[in-house]
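Hello! Here is the structure I promised to pass on to you. Have a look at it first, and then read my notes below.

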Amino acid sequence: MKDLYALFRFSLAGLRVMVVATLVLGVAYPLLVTGVAQVALPWRADGSLVTATGAHTTDPDEAVGSSLLGQLVDDPGLFQPRPSAAGDGYDTLATYGSNYGPESPDLVAAVKERQAEIAEREGVSTGEVPPDAVTASGSGLDPHVSEAYAALQVPRVAAANGLTEDVVRRLVDEHTDGRTLGVLGEPRVDVLALNIAVTQAARD
Amino acid sequence: MSALAPALGQLLALVALLALTVPFLGRFLAHLYTSDKHLGVERVTYRVLRVDPDADQTWRAYATTVLGFSLVGVLVLFALGRLQQHLPLSLGFPALPADGAWNVAVSFVTNTNWQWYSGEAALGHLMQMSGLTVQQFLSAAVGMAVAAAFARALARNDGSRRVGNFWADLVRVVVRVLLPIAFVAALLLVVMGAVQNLLDPHDVTTLTGGTQPITGGPVGSMEAIKELGTNGGGFYNVNSAHPFENPTPLSNLFEIYLMLLIPFAMAWAFGIIVGDRRQGAAVLTVMALLLLVSISLLTWAEMAGPGTAPELAGGAMEGKEQRFGTAGTALFAAVTTGTSTGAVNGMHDSLTAPGGGVAMFNMMLGEISPGGVGSGLYGMLMLAVVTVFLSGLMVGRTPEYLGKKIGQREIVLVALYVLTTPVLVLVGSAVALTASDGLAGLQESGPHGLSEAVYAVTSASNNNGSGFGGLTSGTPFWNTLLGLCMLFGRFLPMVLVLGLAGRFGAQTRRPAGAGTLPTHQPLFVLLLAGVALVVVGLTYVPVLALGPIVESLS
């Protein structure tokens, strides 16, 4: 009985703590961070949006996407991103990785199908298709492809846009990042920025 | 193996960051938990809250406070979930179902952060920042408080059963440690690309004329405390794989660092609190050894990429982000399961069979390598008591730890502690695998299907929160089962730890004699690591054999 009374008394004190904590940690803290971020880093805080020329913007009406998010590429003449399990592909309201296990028959079938499709599209053998091209990313929003997958797509993109392969290869290099500090992550090619650059080069 | 050098490099960078900061934070924490001085802002807080921060509580009062406070936390979060359609910034989302709201409430109050829902499709901004984020601070502070109370009881020499003051422990760590570090970390994450706004999703027209909504939200502020407090509950469904939560390889390393900072610092603080730094260093060494082994195994598994699908594709990239790669994902996976965080930067369900097995084993160890904030330390100290006891039996002396005798009552409490989570995991898994509602949630069949169910129950019972995401857990069956596992997996061990703290606090410290096992030397470090692996690990060998091991061998 004494313990129950103590539990009740401490719960009442706990309720007061919860009210104060909600105001301080749940309202003041996130709003303060939001305020500072919006003033000092508005482009980042609003999603790192870019325009059709690659310029930074915070206005969604001017933007063609976020420099951090992958997007579906409907133009067969541009660089294609990795497969995506988010909704019908790159759906930001349904982010998802396939969650297929390594022995999943569904995954094995999907990998085979993608290898065949990409090999045909790029005119190479299935053995030349790199792993990232045939696997869905964790987020379903991966903005990058590997250097190998980008290189594989160069001839097709060059031909479709009336550019030489050398020019396209140079654009790929310009939009490739190595490992951060030489050790973190993997070398990667930013697909949206690269496609913007290709579109602009084709127009010039 | 040209990729091996960067994999080692990222590990060295992490070790360097931790080596530079852990002793400093450890010293700070030790002072915070033993000082009787209050800051001005804390005094005001205590007056507003009408609590007495100087009352030295008995273990019973301390435990009752922890339970009462957490009970209120569950009720408040449950109410927010059920009422979210009436709250501002709800983005038009309806109330959570009753079983779902129960699961979320327990999940975040127990520092588990199991997520059955998809953040961007179920929760408004207010629920995320004023419901979930608040508990990410408080549940972390509660875990740390219990560990501090246990450490103080070991250090005590006045024969009282008192263990300190819960309110002071709670308020101080939030005010002096969690809030300042989270604020700075949140802004650093925004610098790297995390979003931080209160916007609804707004459409952009993509480069090729499609439509893509850009999702907003107070993400950076949640991400910071999510990692720092070893919580793991992400703003979005795909957690730290989402570029808005974890934008770059650098943010990836930073988030891994945040997860490890406090668990290791608590071990360092422990040594200072009991008046012998070497004791803290020994505990820290065991934690680091176990973590290092699991990092090595997981990194090897993911970089080698065994399995039908990874071998066909040429690499284990399913469920992984190109910017992190296999090594960056493996390091994150080992750290998030070795701490009780449960955030993921790649899909654990798609890890290779041995990789997923290591992640599961990390949790089965009881979250001690280095474990959750606070819970990792008290979990490891319980095993230290077991180690001393076993060694005492071998040489026929009365076992004692740091001058406190381990008698019958003490070892009963420890035994109950060691048994609690295995019982929850094994009974919970058995229930899930025999109920049709349990099996209905599995995506895969065979050994991997078994792993999906066992991983979920293991994760909930050990308050980790990561999952094999193929499991559809947003059903009344799974929400109820996992909710119970999280609740008992958190608070039964806490009460046992505080009970033992009471018994240790009541003893005066005996001077070390000729028969005392030194608990700061390499021999003890190896014994403790061995006990952790044998006593806890062996419990799970049968179920591991049927899941990840048989899958690895197939």
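**What I found**

In chain B, strand β3 (residues 202–205) and strand β4 run antiparallel and are joined by four bridges. This is a predicted model, so please keep that in mind as you read on.

Let's stay with this pair of strands for a moment. One pairing to look for is Thr205(B), whose bridge partner in β4(B) is Thr211(B). Five residues lie between the two strands of this hairpin, and Gly209(B) takes a positive phi near 90 degrees there.

Now follow β4(B) itself, which covers residues 211–214. Which of its side chains are buried? Gln212(B) and Ile214(B) are, and they point to one face, while Thr211(B) and Pro213(B) point to the other face and are not buried. That fits a general pattern: in a regular strand the side chains alternate between the two faces of the sheet.

Stepping back, chain B has 20 helices and six strands. Its C-alpha atoms fill a box of roughly 75 × 60 × 45 Å along the principal axes. For 554 residues, a compact globule would have a radius of gyration near 24 Å, and the 23 Å of chain B agrees with that. Buried residues make up 64% of this chain. Of its contacts with a separation of 6 or more, 79% are between residues 24 or more positions apart.

Chain A comes next. The domain assignment gives it domain 1 (2–40) and domain 2 (71–203), and the C-alpha centres of these two domains lie 45 Å apart.

Chain A also has an open sheet of three strands, in the order β2-β1-β3, with antiparallel pairing. Its edge strands are β2 (56–57) and β3 (63–66), each of which pairs on one side only. Strand β1 (residues 49–51) of chain A pairs with β3(A) over three bridges, and Thr51(A) stands opposite Ala63(A).

Finally, try helix α5 (residues 165–174) of chain A, where Val168(A), Leu171(A) and Val172(A) are buried. Why do these three belong to the same side of α5(A)? They cover an arc of only 100 degrees around the axis, so they sit on the same side of the helix. On the other side, Asp166(A), Asp173(A) and Glu174(A) are exposed. The elements that cover the buried residues of α5(A) include α4 (147–161), β5 (176–177), β6 (188–190) and α6 (191–203) of chain A.

Enjoy exploring, and write back with any questions!

Methods: Residues numbered from 1 in each chain as written. Chains lettered and ligands numbered in written order. Predicted model: local features only at pLDDT ≥ 70, side-chain atom pairs only at ≥ 80, totals over all residues. Domains from an automatic or database assignment. Buried ≥ 20, exposed ≤ 12 C-beta atoms within 10 Å, placed from the backbone. Arc of directions from axis to C-beta. Contact = placed C-beta atoms within 7 Å. Rg over C-alpha atoms; globule rule 2.2 N^0.38 Å. Pairing = 2+ DSSP bridges.
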